[in-house]
Amino acid sequence: MRNVMNAVIAAMILVCGTAAAQSLGQIAVFHEKVGWIGQDAANAAADEILSNTTSTDIMAVNLDESASFLADSTGDGDVDVFFTFGYLPETVYAPGNAEPDDSIIEKYIEDGNLYLNTADYIFYVTLGGGANEVGGLQNVTDSAFDMWTDGNNVAPTADGSKYLPSLEGFQSNRSFRKEQVEADENWDYAVVFAEGPLGEDPAIIQHADYMGMVGIVMQVANDNLPRGAVVTELFNNWLPDAFPTTSVDPIGKSASLWGSLKSAE
């Protein structure tokens, strides 16, 4: 009887642990406004991503819909993704760092979700141009990070080659700086897809406590990079690997398991 009970407890822990793991939710793409690349290049990349992402539901959002998406995604229990092209919608963070705490975007990230950006410096550009400057990233992440990495020639890592086969070496001028990330006790790398002497890009960092993520992909003024292909591969290859969707019912599964074990006594 003791062995049966031990088996039940172990199985219930395994099942509940699996069910408790965060799974992939939805992806929203904002390309209505852009920073550091042309609107046509952003539209083409966004169209490619929206047409070819198959890992989960994906949609384009405008300024107001961005705020609604982030608010609705906060507290839903899934890992949702918000992707921008170098412009942070003023509807989710007041320009000029007028909302240093408790903004919609900060609450969204602190709920364990992912904000991903390409082209211009993340959190920097919004209504009024570069109105947030370095304070945007620093306020939302509660860090001292900056991204001054001009001339950073990056090459794919093993994870980059595995998950993003379209990724090749390029110059990233606004990368994460490894020494800063490693010195911050709250943040660490969730994945690094390419790295160079001055930093990492594409890369995603994750908070140690609330597990929220901030990621960058090709932060440089270059309309000719394969952003559409690379981001589509990130969405289709890395996201479902990192956050697998599960339909396990811990209550039903545990009850069924308990009944089968009881009948075997």
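Here are two short exercises on the nonpolar cores and a helix pair of this predicted model.

**Exercise 1: the cores**

Find which residues touch the most other members of the largest nonpolar core, and which element gives the most to this core.

*Solution.* Start with the residues. The largest nonpolar core has 38 residues, and Phe 85, Phe 193, Leu 234, Phe 235, Trp 238 and Leu 239 touch the most other members. Next, turn to the elements. Two or more residues come from each of β1 (24-30), α2 (39-52), β3 (79-84), β4 (114-118), β11 (213-217) and α8 (227-242). Of these, α8 gives the most, with 6 residues.

Now zoom in on Trp 238. Leaving aside residues up to four places away in sequence, Trp 238 touches Tyr 163, Val 191, Phe 193, Ile 204, Glu 233 and Phe 243. Finally, look for a separate core: a second one has 35 residues, including Tyr 93, Ile 109, Phe 176 and Val 192.

**Exercise 2: the helix pair**

Work out how α2 and α8 are oriented to each other, and which residues make the contact.

*Solution.* Begin with the geometry. The two helices, α2 and α8, pack at an angle of about 30°, and their axes are 8 Å apart. Angles under 35 degrees count as roughly parallel, so α2 and α8 are roughly parallel to each other. Then check the handedness: α2 passes α8 in a right-handed crossing.

Last, list the residues on each side:

- From α2: Ala 45, Glu 48, Ile 49 and Asn 52.
- From α8: Arg 227, Gly 228, Ala 229, Val 231, Thr 232, Phe 235 and Asn 236.

Sorted by class, this contact has 5 nonpolar, 4 polar and 2 charged residues.

Key: Residues are numbered from 1 along each chain as its sequence is written. This is a predicted model: local features need pLDDT of at least 70, side-chain atom pairs count only at pLDDT 80 or more; totals for chains, interfaces and linings use all residues. Side-chain values use heavy atoms; hydrogens and water are left out. A nonpolar core is a set of buried Ala, Val, Leu, Ile, Met, Phe, Trp, Tyr and Cys residues joined through side-chain atoms within 4.5 Å. Buried means under 20% relative accessible area, exposed over 50%, partly exposed in between (1.4 Å probe, protein chains only). Helices (H or I, at least four residues) and strands (E, at least two) are DSSP runs, numbered from the N terminus. Contact means heavy atoms within 4.5 Å. Axes are lines fitted to C-alpha atoms, for helices over the stretch in contact, and angles run from 0 to 180 degrees between N-to-C directions. Angles under 35 degrees count as roughly parallel, over 145 as roughly antiparallel, 65 to 115 as roughly perpendicular and the rest as oblique. A crossing is left-handed if the near helix is turned anticlockwise from the far one by less than a right angle, and right-handed if clockwise. Ala, Val, Leu, Ile, Met, Phe, Trp, Tyr, Cys and Pro count as nonpolar, Asp, Glu, Lys and Arg as charged, and the others, Gly among them, as polar.
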